[in-house]
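Visitor: Hi! Could you walk me through some side-chain details of this one?
Guide: Happy to, let's look at it together.

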Amino acid sequence: MKRKFRLTQFFLLALLFSFFYFAILGKSGVLERIYLEEKLKLITEEVERLETENHNLEHRQKALQSEEAKLGEARKYYLLDENAKIIKFKEFVELESEDKTFQTTVPLPKFRNKQSKNHESTMNFLKAAYLTLVGIAFVYQFYRNSRLEK
């Protein structure tokens, strides 16, 4: 009877430790989910930055195309040669808040690579430490059970 109880206790302990391992440290565990959520946040920030940059480049392209048309008209009406130089003075105009760009100084892909390397080493360390502690717990449980049987 005692042996059955100890064997059941041993298997319950093994089941508990394995459940904890897969729930927290596994590939679809809590720590991996937190890491992936942070990575998703970085990627969305980078996409937003690139969309803003793309929007500004489109506005710049449209402005350059309209300038080429204006230069063609100026050559036509003022009888200028193709080699003639036109000097244009720009006026500083306050931009609307939509057209302003906010760029980061830290390149995000380099930052993300550093973070993923740290994540892998941290996860491997946590897994090794957990498995070591579980091994010690099982050895202790086995030693305790064998000692009680004597």
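Visitor: Let's start with R49: what is its relative accessible area?
Guide: This is a predicted model, to say that up front. In it, R49 has a relative accessible area of 22%, so R49 counts as partly exposed.

Visitor: And which side chain does R49 meet in a salt bridge?
Guide: That would be E53, with an N to O distance of 3.7 Å. The general idea is that side chains of opposite charge can pair when their charged atoms come close.

Visitor: Where do the two sit relative to each other along the helix?
Guide: R49 and E53 are both in helix α2, which spans residues 30-77. They are four residues apart there, so about one helical turn separates them.

Visitor: What about E53, how accessible is that one?
Guide: E53 is partly exposed too, at 27% relative accessibility.

Visitor: How many salt bridges does the structure hold?
Guide: Just one, and R49 with E53 is the pair that forms a salt bridge.

Visitor: Changing topic: how many aromatic pairs turn up in a search of the whole structure?
Guide: The search finds five. One of them is Y21 with F22: the ring centres are 5.3 Å apart and the planes stand at 80°, so this pair is edge-to-face.

Visitor: Are those two buried or exposed?
Guide: They fall on opposite sides. Y21 is buried, with a relative accessible area of 19%, whereas F22 is exposed at 56%. The cut-off for buried is under 20%, so Y21 at 19% meets it.

Visitor: What other ring does Y21 form a stacked pair with?
Guide: Y130. Their centres are 5.8 Å apart, and the planes differ by 25°.

Visitor: Which helices do Y21 and Y130 belong to?
Guide: Y21 is in helix α1, residues 2-25, and Y130 is in helix α3. The pair links distant parts of the chain, with the two positions 109 residues apart. Y130 is buried as well, with a relative accessible area of 11%.

Visitor: Which residues do the ring pairs link into a cluster?
Guide: The cluster holds F17, F20, Y21, F22, Y130 and F138.

Visitor: Last one, on the surface: which residues form a nonpolar patch?
Guide: Y77, Y78 and L80 do, and together they have about 390 Å² of accessible area. L80 lies in the loop between α2 and α3, the latter being residues 108-149. With a relative accessible area of 34%, L80 is partly exposed.

Key: Residues are numbered from 1 along each chain as its sequence is written. This is a predicted model: local features need pLDDT of at least 70, side-chain atom pairs count only at pLDDT 80 or more; totals for chains, interfaces and linings use all residues. Side-chain values use heavy atoms; hydrogens and water are left out. A salt bridge is a side-chain nitrogen of Lys or Arg within 4 Å of a carboxyl oxygen of Asp or Glu. Buried means under 20% relative accessible area, exposed over 50%, partly exposed in between (1.4 Å probe, protein chains only). Patches are made of residues with over 30% relative accessible area and no salt bridge: like charges are joined within 9 Å, nonpolar side chains (Val, Leu, Ile, Met, Phe, Trp, Tyr) within 5 Å. Accessible areas come from the Shrake-Rupley method with a 1.4 Å probe; for residues, only the protein chains shown count as cover. Rings of Phe, Tyr and Trp (its six-membered ring) pair if their centres lie within 6.5 Å; planes under 30 degrees apart count as stacked, over 60 as edge-to-face and the rest as tilted.
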